[in-house]
Amino acid sequence: MRLLRLKTVLTATDLDETASAPLRTAEAVAEAAGATLHVVHVARSNDESERTAKLHDMLRRTGLAIDGAATHVVTGDPAHAINLLADRIGADVIVFGPHRRRDATGLGSMALAVVTNAAVPCLVVEKLLRLPLRRMIVAVDRSDTARGALVIGLAWASALRGRHSAQEVTTLTALHVRASEPSSDAGSGQSHELAEQVKRLRQDAGDWAGISIESADGVNAAPAMGIATYATEHHADLVVLGTRGLGLDAIGRLGSVSAAVMEQVDVPVLLVPPAVWTSYARFAAT
């Protein structure tokens with residue numbers, strides 16, 4: 001299996017007080033993965049020079065080593081400009097905060113626009129991501145969306161172990177939460193299918209020291225609540241969710257379960273868009 005690698009990390013900032021956690025997380029991810037760090041700010045067309053100076057000043061104040069990061073001040077529609085830059089520099093992830101004004105997806109309008117139009121995974125950070133990763137939760141069902149997200153989760157589990165001791169284990173849990181108890185035959189079949197997916201993923205991953213892959217089943221009338229509760233009770237460092245990319249409204253494009261999880265968890269969430277998971281879904285299905 002050839003997994004997505006983290007070579008280029010892009011983080012977007014609007015220069016306000018919420019910027020510290022995403023910036024520090026992006027710096028830590030880049031360091032752990034041995035990746036190049038890029039920082040972007042979208043400015044109004046008439047204050048690009050002023051904003052460049054403010055961006056460098058903020059990076060110094062937050063303790064980021066700007067000598068080791070490439071900085072960009074661009075203009076235009078924020079979401080379009082960020083995704084355009086991500087494509088130009090070959091970013092493997094875009095890191096940003098949920099932003100101030102939230103809707104039913106748990107994201108502000110700019111953050112939502114980036115996520116729903118991105119061609120790479122988006123790491124949404126309100127609190128600093130704990131590294132090295134100890135536990136990652138990947139929400140799965142029987143869809144290609146979930147299968148692709150599972151492979152991306154494995155890639156991240158591998159990349160973010162970084163140079164840490166082989167004795168430190170990262171646990172990846174493929175979590176399936178259903179709304180109700182199915183019939184015994186159906187439930188057995190779904191559990192068996194999930195177990196087989198995890199087994200194939202474990203076999204494809206080979207003998208990667210320090211990564212434990214497991215599956216878990218749960219029942220909750222609100223599956224998103226079940227995912228959030230499991231993540232909290234098991235002290236997850238990162239939750240991975242696939243997005244749908246369908247529908248005319250924000251929730252339709254993000255996916256109703258993913259949108260609800262975003263509202264309820266307080267740990268970083270990696271959102272995997274269709275442009276990414278469609279390329280990797282077959283690894284977990286065959």
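**Close-up views of the predicted model**

**Figure 1. Lining of the largest pocket.** Twelve nonpolar, six polar and five charged residues make up the lining of the largest pocket. The model shown here and in the following views is predicted. The space in the largest pocket amounts to about 390 Å³. Its lining comprises 23 residues, and Thr13, Asp14, His41, His99 and Met110 are the closest to the pocket centre. Which elements each supply at least two residues of this lining? They are α1 (20-33), β2 (36-43) and α3 (78-89). Strand β2 provides the largest share of the lining, with four residues.

**Figure 2. The second largest pocket.** The second largest pocket holds about 270 Å³ of space. Of the 18 residues in its lining, those nearest the centre are Ala139, Asp141, Arg244, Val257 and Ser258. Two or more lining residues come from each of α5 (144-159), β7 (170-178), α7, β9 and α9 (256-264). Sorted by class, the lining of the second largest pocket consists of nine nonpolar, seven polar and two charged residues.

**Figure 3. Nonpolar cores of the chain.** The chain contains ten helices and ten strands, and 54% of its 286 residues are buried. Within the largest nonpolar core, which has 49 residues, the most contacts are made by Val9, Leu123, Met136, Trp156 and Leu238. Helix α5 is the main contributor to this core, giving eight residues. Another core lies apart from it and has 45 residues, including Leu175, Ile227, Ala259 and Leu271. Of the contacts in the chain between residues at least 6 apart in sequence, 78% link residues at least 24 apart. The area exposed by the chain is about 12800 Å², of which carbon and sulfur atoms supply 48%.

**Figure 4. Surroundings of leucine 238.** Leucine 238 is part of strand β9 and is among the residues with the most contacts inside the largest nonpolar core. Is this leucine 238 buried or exposed? Leucine 238 counts as buried because its relative accessible area is 0%. Residues up to four places away in sequence aside, leucine 238 touches Leu123, Leu129, Leu133, Arg135, Met136, Ile137, Trp156, Pro268, Val269 and Leu270. One of these contacts, isoleucine 137, is separated from leucine 238 by 101 residues in sequence, while the C-alpha to C-alpha distance is 6.4 Å.

**Figure 5. The loop between α7 and β9.** Histidine 235 and aspartate 237 are placed in the loop between α7 (223-233) and β9 (238-242). Histidine 235 has a phi near 55°, a positive value in a residue other than glycine. With 60% relative accessibility, histidine 235 lies over the 50% cut-off and therefore counts as exposed. Aspartate 237, by contrast, has a relative accessibility of 4%, under the 20% cut-off, and so counts as buried. Neighbours within four places in sequence left aside, aspartate 237 is in contact with Leu129, Arg130, Pro132, Leu133, Arg134, Arg135, Val267 and Pro268. Aspartate 237 and leucine 129 lie 108 residues apart in sequence but 6.6 Å apart in space, C-alpha to C-alpha.

**Figure 6. A cis peptide bond before proline 132.** Leucine 131 and proline 132 are joined by a cis peptide bond, with omega about 0°. Proline 132 occupies the loop between β5 (122-124) and β6 (135-139). The contacts of aspartate 237 include proline 132, which links this view to the preceding one.

**Figure 7. Threonine 171 in strand β7.** Threonine 171 is located in strand β7. Its relative accessibility of 12% is under the 20% cut-off, and threonine 171 is therefore counted as buried. Which residues are in contact with threonine 171, leaving aside its neighbours within four places in sequence? The contacts of threonine 171 are Arg134, Arg135, Met136, Ser212 and Glu214. Among these, Arg135 and Met136 are also touched by leucine 238.

**Figure 8. Histidine 72 in strand β3.** Histidine 72 lies in strand β3 (residues 69-75). At 16% relative accessibility, histidine 72 falls under the 20% cut-off and so counts as buried. Not counting residues up to four places away in sequence, histidine 72 touches His38, Val39, Val40, His41, Leu55, Leu85, Arg88 and Ile89. One of these contacts, His41, belongs to the residues closest to the centre of the largest pocket.

How values were computed:
Residues are numbered from 1 along each chain as its sequence is written. This is a predicted model: local features need pLDDT of at least 70, side-chain atom pairs count only at pLDDT 80 or more; totals for chains, interfaces and linings use all residues. Side-chain values use heavy atoms; hydrogens and water are left out. Buried means under 20% relative accessible area, exposed over 50%, partly exposed in between (1.4 Å probe, protein chains only). On a 1 Å grid over the protein atoms alone, a cavity is a set of points where a 1.4 Å probe fits but cannot get out, and a pocket is an open set with protein on both sides within 12 Å along at least five of seven lines; lining residues have an atom within 4 Å of a point. Grid points are joined across faces, edges and corners, and a volume is the space filled by probe spheres set on the points. Ala, Val, Leu, Ile, Met, Phe, Trp, Tyr, Cys and Pro count as nonpolar, Asp, Glu, Lys and Arg as charged, and the others, Gly among them, as polar. Contact means heavy atoms within 4.5 Å. Accessible areas come from the Shrake-Rupley method with a 1.4 Å probe; for residues, only the protein chains shown count as cover. A nonpolar core is a set of buried Ala, Val, Leu, Ile, Met, Phe, Trp, Tyr and Cys residues joined through side-chain atoms within 4.5 Å.
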